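Biologist: I should be grateful for a close look at one part of this structure, namely its aromatic side chains and the charged groups placed over them. Please then set that part within the surrounding fold.

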Amino acid sequence: MTARFRLPAGRTYNVRASELARDRQHTEVVCNVLLLDNTLQPFKVNKNDHGQVLLDLVFKHLDLTERDYFGLQVADDSTSNPRWLDPNKPIRKQLKRGSPHSLNFRVKFFVGDPSKLQEEYTRYQFFLQLKQDIFTGRLSCPCHTAALLASYAIQSELGDYSHSEHLPGYLTECTFLPNQPHEFEKEVAKLHQQHSGMSPAEAEFSYLNTARTLELYGVELHYARDQSNTEIMIGVMSGGILIYKNRVRINYFSWLKIVKISFKCKQFFVQLRRDLHESRETLLGFNMVNYRACKNLWKACVEYHTFFRLDRPLPAQKNFFAHYFTLGSKFRFCGRTEVQSVQYGKEKANKDRVFARIYRKA
């Protein structure tokens, strides 16, 4: 028979509380997220949390309503093989060991028409993203278009041109392009004078409307090699898949032309529909850097096609045999599609929102 004892008075040590505190310390990680205004914001999460937990913390910090266009990109991955944080997988399975982790908050899906974005604040985030991509060279831009874009950016940030305030050389410290031409600022200043009366919101809308005409706008590029071992870039966009060689587009396959996309090890395959004069369907193969880069490209294709082409995501297959005998990845895009995102924005957007813009010289 077990005897019951009353705990004696005096000093005690709570072993269980100390163990729980230790476990929390070991499972908590810090994620440093670089925001589009170039500020670094730390977030604490449990490493067993799914990626959606971290995304929600970032969205809450930014007070962002139209969230479906944005994502978190893993910063330690190269820009030629981008990898996005999966909201449906545990953080510990996606990030390398050690803390803090570095991620970039970015626009993931670029709308073809900026009027689909219901809030001025959302358009401002797109504006910051595009300005950053042009400045870093990630989004190539002809000089004359870059000057027009820069003039809209200056109108948004400085307001109307004034002969008394904006003296010659007022843009000397501003950098808009990598390897910026010597006379570029003069052209920007000249165009700035033509935008008198434009509000910041109108200037940013004009910026987005001009930027969407750039060839690489909204294209996510992945480094690859073709069957002859030539270096190429595979681009994924709203309309389909593109192939670039030396930054020049050499092929384009619309989603309507594509039957199936697949991957095996580090090989990525695109199966095309048979034309009337062809006897069979065409299968194109590309070699990626490694398995992870190949799967990242395949996932990007699934996400882009679902977001831009479907009214709603396809439901996951609930089948006994599919569950136990699945071949390949079971990944499905589970977020809202563009159609759903626009509708959600119309219902929930705060169009009268007031926010502070940040002016950066570079």
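Modeller: I begin with the charged groups. The charged end of R336 is placed over the ring of Y344, at 3.8 Å from the centre of that ring. A second arginine, R353, lies over the face of Y121, and here the distance to the ring centre is 3.7 Å. Please bear in mind that the model is a predicted one.

The aromatic rings also pair with one another, and a search of the whole structure finds 22 aromatic pairs. One of them joins Y161 and Y170 in a tilted arrangement, with 5.9 Å from centre to centre and 55 degrees between the planes. Y161 has a relative accessible area of 21% and is therefore partly exposed, since the buried class requires a value under 20%. Another pair is formed by F307 and F308, which meet edge-to-face, their centres 4.9 Å apart and their planes at 85 degrees. F307 and F308 are both buried. These two phenylalanines also belong to an aromatic cluster, whose members include F59, F70, F105, F126, Y217, Y304 and F333.

Several elements of the fold carry members of this cluster, and they may be taken in turn. An open sheet is formed by 4 strands in the order β2-β1-β4-β3, with mixed pairing. β2 (40-46) and β3 (70-74) stand at its edges with a single partner strand each, so one side of each has no neighbour in the sheet. From one strand to the next, the twist averages 35 degrees. Strands of a sheet pair through backbone hydrogen bonds, in either the parallel or the antiparallel sense. In this sheet, β1 (residues 28-34) and β4 (residues 101-107) run parallel and are joined by 4 bridges. Within that pairing, C31 stands opposite H101 in β4.

Two helices lie across the sheet. Helix α2 (residues 51-62) lies across β1, β2, β3 and β4, and its direction makes an angle of about 140 degrees with β2. Helix α3 (residues 120-136) lies across β3 and β4, running at about 110 degrees to β4. Among the cluster members already named, F59 falls in the range of α2, F70 in that of β3, F105 in that of β4 and F126 in that of α3. The range of α3 also takes in Y121, the ring beneath R353.

The loops that join these elements contain some residues of interest. D63 lies in the loop between α2 and β3, and its phi is near 55 degrees, a positive value in a residue other than glycine. With 49% relative accessibility, D63 counts as partly exposed. In the loop between β3 and β4 one finds N81, which counts as buried at 11% relative accessibility. Leaving aside residues up to four places away in sequence, N81 touches H222, Y223, M288, V289, A293 and N296.

Further along the chain, N179 is found in the loop between α4 (143-158) and α5 (184-192). Its phi is likewise positive, near 55 degrees, in a residue that is not glycine, and N179 counts as exposed at 79% relative accessibility. S199 lies in the loop between α5 and α6 (200-211) and is partly exposed, with a relative accessibility of 28%. The C-alpha atoms of S199 and G159 are separated by 7.3 Å, although these positions lie 40 residues apart in the count along the chain.

A hairpin is formed by β7 and β8, with 2 residues between the strands. Strand β7 (residues 240-245) pairs with strand β8 (residues 248-254) in the antiparallel sense over 6 bridges. K245 has V248 of β8 as its bridge partner, and N246 in the turn has a positive phi of about 55 degrees.

Finally, the chain as a whole gives the setting for these details. It has 9 helices and 11 strands, and 43% of its 362 residues count as buried. Of the contacts with a separation of 6 or more, 62% come from residues 24 or more positions apart. The accessible surface of the chain comes to about 21200 Å², and 50% of that area belongs to carbon and sulfur atoms.

Methods. Residues are numbered from 1 along each chain as its sequence is written. This is a predicted model: local features need pLDDT of at least 70, side-chain atom pairs count only at pLDDT 80 or more; totals for chains, interfaces and linings use all residues. Side-chain values use heavy atoms; hydrogens and water are left out. Rings of Phe, Tyr and Trp (its six-membered ring) pair if their centres lie within 6.5 Å; planes under 30 degrees apart count as stacked, over 60 as edge-to-face and the rest as tilted. Buried means under 20% relative accessible area, exposed over 50%, partly exposed in between (1.4 Å probe, protein chains only). A charge sits over a ring if NZ of Lys or CZ of Arg is within 6 Å of the ring centre and within 35 degrees of the ring normal. Two strands pair if DSSP finds at least two bridges between them. Contact means heavy atoms within 4.5 Å. Accessible areas come from the Shrake-Rupley method with a 1.4 Å probe; for residues, only the protein chains shown count as cover. Axes are lines fitted to C-alpha atoms, for helices over the stretch in contact, and angles run from 0 to 180 degrees between N-to-C directions.
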